[in-house]
Every structure is written in C-alpha cells, then in structure tokens.
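Hello,

Here is the structure we spoke about. Please open it alongside these notes; the findings follow below.

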Amino acid sequence: MASRNKVALVGAGRMGSAMAAGWLGAERNALPPEDLILVCPRVSDSARPLVDRYNLKVVETLDAKTAAEVGRVVVAVKPQVFPKIAPALSEVVREDALIISVLAGTGLTALGRVFPGRPVIRVMPNTPGSIGKGINVAVANAAGDIPENRKAAEDLAGVTGPVEWLDEERLMDAATGVSGSGPAYVFLFCEALAKAGEAEGLPADLAERLAVATVAGAGALLEDGLKNGTADAAALRKAVTSPKGTTQAALDVLMAPGALPALVRNAVAAAERRSRELGADTD
Ligand SMILES: NC(=O)c1ccc[n+]([C@@H]2O[C@H](COP(=O)([O-])OP(=O)(O)OC[C@H]3O[C@@H](n4cnc5c(N)ncnc54)[C@H](OP(=O)(O)O)[C@@H]3O)[C@@H](O)[C@H]2O)c1
C-alpha cells in the first residue's frame, strides 16, 4: 500500500534542495526517496543531482491524486511566488496535512488563511543551513503545536541545523534580526577585517585568507565552548586579551562608547523593525 505520509517539497531551489539532501542523505536517512515528491515547474541546478541520484518523483503542480498521499508539505518557494501557487495548493492539500513553511516574512495568519484548519509550522532557517550548519527558529499555530507535529518539523527542518521553538510568533522578528540576517553581519565583519589587513600592507589575497580562517576558527571555538559548557563568547574574548597587549588595543577601539556593541544593537533593532514591516504587508 502506498504511504499516506509522503513529503511534498514545493520549491526545490537552494534551501529546498539543501533540506532534501539532508532527508535523503545516508547519514540521517530520514526519508525513503519514494516518499519524497518535488513540486516545481523546473528542476533547479541544486535539485538536479538529487533527482538523478535518487530517481525522485517530480511534478509541476500537485494534483489531487498525488496530494492524497502527502501528509507533510514543505513550502520553500520565494515569498513573492507563494501567493500565485497558494490557491491551487490549498485546494488539493489534505485537511490533516502538516504544512511547514520556510518562507521569510510570511506569518502564521497568512499561512492559516491559505491552509485553513491545517496544522502549520513556520520555520526560519539561515544560510549556513545550506551546508547543514544553520540554526532554525520555529513557531506553530494552534493545530500545529502538538508534540507529533513538532517532532515532524524537527526531523525535516533539523537537517539544516537545530530547531529552537518560540512560544510567541512576534519574537520571530527578533530572531530574524539575530540568526536570519546574522550571517551577513559576520560576512561584513570578515570583509572589513580583510580590508583593514590590506590597509596595513598585507597583500589582498593573504588578508582575505587570514580573515576568513580567523572568522571560521573563532566560530568553531565558540561552538566547542558552547557544546562543552566551558566558555561563552565573552569568556573566550577575555581569554585571548592580555592586559596592555595588541588585542586589548584593538578592543579598546571596538568597545568604545557607540562602537561595535552599540552598532550591533542598532543593526539588530533595524532588522527586527524591517521584519515586522514586511510581515505586516503579508498578513
Ligand atoms: N536560502 C536561504 O538560506 C534561506 C534562509 C531563510 C529562508 N529562506 C526561504 O526559503 C525560500 C526559498 O529560498 P531559496 O533561497 O531556496 O530560493 P530559490 O533558490 O530561488 O528557490 C526557490 C525555488 O522555487 C522554484 N519555483 C518557482 N516557481 C515555482 C512554482 N510555481 N512552484 C514550485 N516551485 C517554484 C524556483 O524555480 P525557478 O528558479 O525555476 O524559478 C526555485 O527553484 C524563500 O521563501 C526564503 O525566504 C531561505
């Protein structure tokens, strides 16, 4: 008998393909290939290797017969594409199907309007998720907020990184300001570090290699410290700062009143505000 709990992945671009690769990968093997259906008008370059390797079923749109076997729908199209495909999807998706959306800025209210009565879980991944190094923030509507659905979301979204649950959807905007947009702040810091090295006389390519390795290595140390419960970011910073040394000289600049901590505070507040504005447009 055919499984009635298949997964339909609607939109298999960068994020969708990264998730699918995690579901199918030997490491987790969360999903047998025959239980995954890709819904996309064109197989993207990122999905092509998966489709070929696992011989995945691909459909342009979800018809009622196929949808009858689908118990979990993961929506990973661009937010601006969603309103165009929503009416047809809503018509065929089963009443008991769990909807998991990774759409940035599309709230539970808007999703609930498209999928009335269905359990809906909104997940916000971030870009490191495309290599399994992300972090997800999730929130469920009333129907979605049961252990079985939370587990299903953790199994599916969790392949890109751990899932942190929010009790209130409004905190999604703050989380967007931290982990959603956050990778870009770190990339900017890395760019600035390389440029500063260049300004001090280092060849540009060397300055870039030093900056990238420093950001990546510091990230790995942070992760280790958190995992082992040995050191947080402040402790690691203090450990590498000898009084009156070179690091202290730099930190005196970065930590001066109005400098990095204050700038980051303002930046996250700006992202939170913008996320709220964008959400208000779609709800
Ligand atoms: N990338 C990230 O790290 C990240 C982080 C957080 C949230 N997200 C969210 O994830 C979603 C996808 O982002 P992405 O970066 O993966 O974008 P993407 O690479 O552009 O993927 C979207 C995919 O949807 C396909 N598509 C277009 N129209 C479709 C339709 N009618 N039916 C089914 N599929 C259709 C696109 O195909 P064509 O290219 O042929 O149009 C493309 O392959 C977005 O809502 C975004 O907010 C992504």
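**What was found**

Leu 260 sits in helix α12. One caution before the rest: this is a predicted model.

**The nonpolar patch**

Start with Leu 260, since it leads to a surface feature. Leu 260 is one of the residues in a nonpolar surface patch of about 460 Å². The others are Phe 189, Leu 193, Leu 254, Met 255 and Val 264. Which helices each supply at least two residues of this patch? They are α8, residues 182-199, and α12, residues 260-282.

Leu 260 has a relative accessible area of 34%. Patch residues need over 30%, so Leu 260 at 34% clears that cut-off. Leu 260 still counts as partly exposed, because exposed means over 50%.

**How α8 meets α9**

Helix α8 also has a neighbour to look at. Its axis comes within 8 Å of the axis of α9, which covers residues 204-228. The two axes cross at roughly 140 degrees. That makes α8 oblique to α9, because only angles over 145 degrees count as roughly antiparallel. The crossing of α8 past α9 is right-handed.

**The chain as a whole**

The protein chain holds twelve helices and eight strands. Its C-alpha trace spans about 70 × 40 × 35 Å along the principal axes. The chain has 283 residues, and 42% of them count as buried.

**Salt bridges**

Side chains of opposite charge can pair when their charged atoms come close. How many salt bridges does the count come to? The count is eleven. Three of the pairs are worth opening in your viewer.

- Glu 272 and Arg 276: the closest N and O atoms are 2.8 Å apart. Both residues lie in helix α12, four residues apart, which is about one turn of the helix. Arg 276 is partly exposed, at 44% relative accessible area.
- Asp 96 and Arg 94: their side chains meet in a salt bridge at 2.9 Å, N to O. Asp 96 is partly exposed, with 47% relative accessibility. Arg 94 is buried, with a relative accessible area of 14%. Buried means under 20%, so Arg 94 falls in that class.
- Arg 170 and Glu 168: this salt bridge is also given as 2.9 Å, N to O. Arg 170 is exposed, with a relative accessible area of 56%. Glu 168 is partly exposed, at 37% relative accessibility.

Helix α12 thus comes up twice in this email. It supplies at least two residues of the nonpolar patch, and it carries the pair Glu 272 and Arg 276.

**Positive phi**

Two residues deserve a look on your Ramachandran plot. Neither of these two, Asn 55 and Lys 244, is a glycine.

Asn 55 has a phi near 55 degrees. Where does Asn 55 lie? It is in the loop between α2 (48-54) and β3 (57-59). Is Asn 55 buried or exposed? Asn 55 is exposed, because its relative accessible area is 67% and the cut-off is over 50%.

Lys 244 has a positive phi of about 65 degrees. Its place is the loop between α10 (233-239) and α11 (246-254). Lys 244 counts as exposed too, at 84% relative accessibility.

**Two strand residues**

The loop that holds Asn 55 runs between α2 and β3. Strand β3 contains Val 59. Val 59 is buried, with a relative accessible area of 15%. Its C-alpha atom is separated by 9.6 Å from that of Val 43, and the two are 16 residues apart along the chain.

Ile 37 lies in strand β2, residues 36-39. Is Ile 37 buried or exposed? Ile 37 counts as buried, at 1% relative accessibility. How far is Ile 37 from Val 120 in space, C-alpha to C-alpha? The separation is 19 Å, with their positions 83 residues apart in sequence.

Best regards

Methods:
Residues are numbered from 1 along each chain as its sequence is written. This is a predicted model: local features need pLDDT of at least 70, side-chain atom pairs count only at pLDDT 80 or more; totals for chains, interfaces and linings use all residues. Side-chain values use heavy atoms; hydrogens and water are left out. Patches are made of residues with over 30% relative accessible area and no salt bridge: like charges are joined within 9 Å, nonpolar side chains (Val, Leu, Ile, Met, Phe, Trp, Tyr) within 5 Å. Accessible areas come from the Shrake-Rupley method with a 1.4 Å probe; for residues, only the protein chains shown count as cover. A salt bridge is a side-chain nitrogen of Lys or Arg within 4 Å of a carboxyl oxygen of Asp or Glu. Buried means under 20% relative accessible area, exposed over 50%, partly exposed in between (1.4 Å probe, protein chains only). Axes are lines fitted to C-alpha atoms, for helices over the stretch in contact, and angles run from 0 to 180 degrees between N-to-C directions. Angles under 35 degrees count as roughly parallel, over 145 as roughly antiparallel, 65 to 115 as roughly perpendicular and the rest as oblique. A crossing is left-handed if the near helix is turned anticlockwise from the far one by less than a right angle, and right-handed if clockwise.
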